[in-house]
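Work through the exercises below with the sequence and the 3D view open. Try each task before reading its solution.

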Amino acid sequence: MAETTIDNEILEDVNEESQDESEVKQDEEEKVRYGTYTQYFREIISDDPATVARFFLMCTYLSFGNDVLMYKKKPMNKSTLRKVLRLKEDAFLDFFNEMEINDIIRIEDGCIKVNSKYSKRGQSETKNLAIIRCFDKPIRRLFESVTARKHKHIGYIMMLLPYMHKYSNFLCKVVDLDDNDELKATVYKKDDNDMVSMSMTDICKLLDYDVSHASRLRKELCSFKIDDEYLFAFAWNGNDEYYPIINDVFFFGCDWKRKNDIHKSLFRVRAK
């Protein structure tokens, strides 16, 4: 299988970046527009989409700097976590046990901590190509708008986050994987023209979803929104093709300087 490493020139470009005053200001501007956020490192959480969805909701309660889950300025216990996840006892225990067994969360000094390999809250690491910012308020509001039965379909979208293009939020097709399951470099390419976009068939195969029911899945993926903001949509390229894209109001993989207004018009009009 072909080796898939990130281009050296891309790494050099990123390593030249520094957290200067302008970048700090950009972070503050993002907080004003989007609210606070956690950082997700494109690690595979689970093969169960509902579990993945609940992981992202859980992480919106991470505290700054110490990986502890907090609620109303107090460390969470299992009862509080179940409350914010809005799960029945059996479903919650299945989720919690899976997180513990896979070392994604742990109990330490009476607190629930999240493994920082997967997610953390803190100052943005501009040198880390893998970071995706996950905005707390939109994610929480999204879950407030659905029942637990819909967590599975929200989770399908979140399972696609590791394949989200860093600079545009489009989903990239994975052509090859190496032994470490590292994504092909197109995920990190700065030029959108170098990106290889996913098709609906690619999405089905990646999610182990019956391709013959692709239209049903597409309808589900494009159904989630808060107010007038859709979570997921397909952008038409003008040539009878639609490219899947995730709304940066919820998840943000690109440089602040590269943000544009296509997302605003795309997600607020309709989800194809």
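Five exercises follow, each with a worked solution, and the model they use is a predicted one.

**Exercise 1. Overall make-up**

Task: State how many helices and strands the protein has, and what share of its residues count as buried.

Solution:
- Start with the elements. The protein has 10 helices and 12 strands.
- Turn to burial. Of 272 residues, 51% count as buried.
- Add the surface. The accessible surface is about 14000 Å², and carbon and sulfur atoms hold 45% of that surface.
- Finish with sequence separation. Take contacts between residues at least 6 apart in sequence: 69% of them join residues at least 24 apart.

**Exercise 2. Helix α3 and its neighbours**

Task: Decide how α3 is oriented to α5 and to α7, and list the residues that make each contact.

Solution:
- Take α5 to begin with. The axes of α3 (residues 49-59) and α5 (residues 89-101) come within 11 Å and cross at roughly 80°. Angles of 65 to 115 degrees count as roughly perpendicular. The two helices α3 and α5 are therefore roughly perpendicular.
- List this contact. Thr51, Arg54, Phe55 and Met58 of α3 meet Phe95, Glu98 and Met99 of α5. By class, the residues are four nonpolar, one polar and two charged.
- Now take α7 (residues 151-159). Its axis and that of α3 come within 7 Å, crossing at roughly 80°. That crossing makes α3 roughly perpendicular to α7.
- List this contact too. From α3 come Pro49, Ala50, Val52, Ala53, Arg54 and Phe56; from α7 come His151, Lys152, Ile154, Gly155, Tyr156, Met158 and Met159. These divide into nine nonpolar, two polar and two charged.
- Check burial. In α3, 11 of 11 residues are buried. Among them are Arg54, Phe55 and Cys59.

**Exercise 3. An open sheet**

Task: Give the strand order of the four-stranded open sheet and explain which strands stand at the edges.

Solution:
- Read the order. It is β6-β1-β7-β12, and the pairing is antiparallel.
- Find the edges. β6 (119-120) and β12 (251-252) each have a single partner strand, so one side of each lacks a neighbour in the sheet.
- Inspect one pair. Strand β1 (residues 37-40) pairs with β6 over two bridges, in the antiparallel sense. Tyr40 has Ser119 of β6 as its bridge partner.
- Place the helix. α6 (residues 136-144) lies across β1, β7 (132-135) and β12, and runs at about 60° to β7.

**Exercise 4. The β4-β5 hairpin**

Task: Describe how β4 and β5 pair, and say whether the two faces of β5 are covered or open.

Solution:
- Count the bridges. Four join β4 (residues 105-108) to β5, and the strands run antiparallel. Glu108 has Cys111 of β5 as its bridge partner.
- Look at the turn. Two residues lie between the strands, and Asp109 takes a positive phi near 55°.
- Split β5 (residues 111-114) by face. Side chains in a regular strand alternate between the two faces of the sheet. Cys111 and Lys113 are buried on one side, Ile112 and Val114 on the other. Both faces of β5 are covered.

**Exercise 5. One loop residue**

Task: Explain why Phe224 counts as buried, and name what Phe224 touches.

Solution:
- Locate it. Phe224 is in the loop between α9 (214-221) and β8 (225-226).
- Apply the cut-off. Buried means under 20% relative accessible area. Phe224 has 4% relative accessibility, so Phe224 counts as buried.
- List the contacts. Leaving out residues up to four places away in sequence, Phe224 touches Leu142, Val146, Lys150, His153, Ile154, Ile157, Glu229, Tyr230 and Leu231.
- Compare sequence and space. Phe224 and His153 are 71 residues apart along the chain, with C-alpha atoms separated by 9.1 Å.

How values were computed:
Residues are numbered from 1 along each chain as its sequence is written. This is a predicted model: local features need pLDDT of at least 70, side-chain atom pairs count only at pLDDT 80 or more; totals for chains, interfaces and linings use all residues. Side-chain values use heavy atoms; hydrogens and water are left out. Axes are lines fitted to C-alpha atoms, for helices over the stretch in contact, and angles run from 0 to 180 degrees between N-to-C directions. Angles under 35 degrees count as roughly parallel, over 145 as roughly antiparallel, 65 to 115 as roughly perpendicular and the rest as oblique. Contact means heavy atoms within 4.5 Å. Ala, Val, Leu, Ile, Met, Phe, Trp, Tyr, Cys and Pro count as nonpolar, Asp, Glu, Lys and Arg as charged, and the others, Gly among them, as polar. Two strands pair if DSSP finds at least two bridges between them. Buried means under 20% relative accessible area, exposed over 50%, partly exposed in between (1.4 Å probe, protein chains only). Accessible areas come from the Shrake-Rupley method with a 1.4 Å probe; for residues, only the protein chains shown count as cover.
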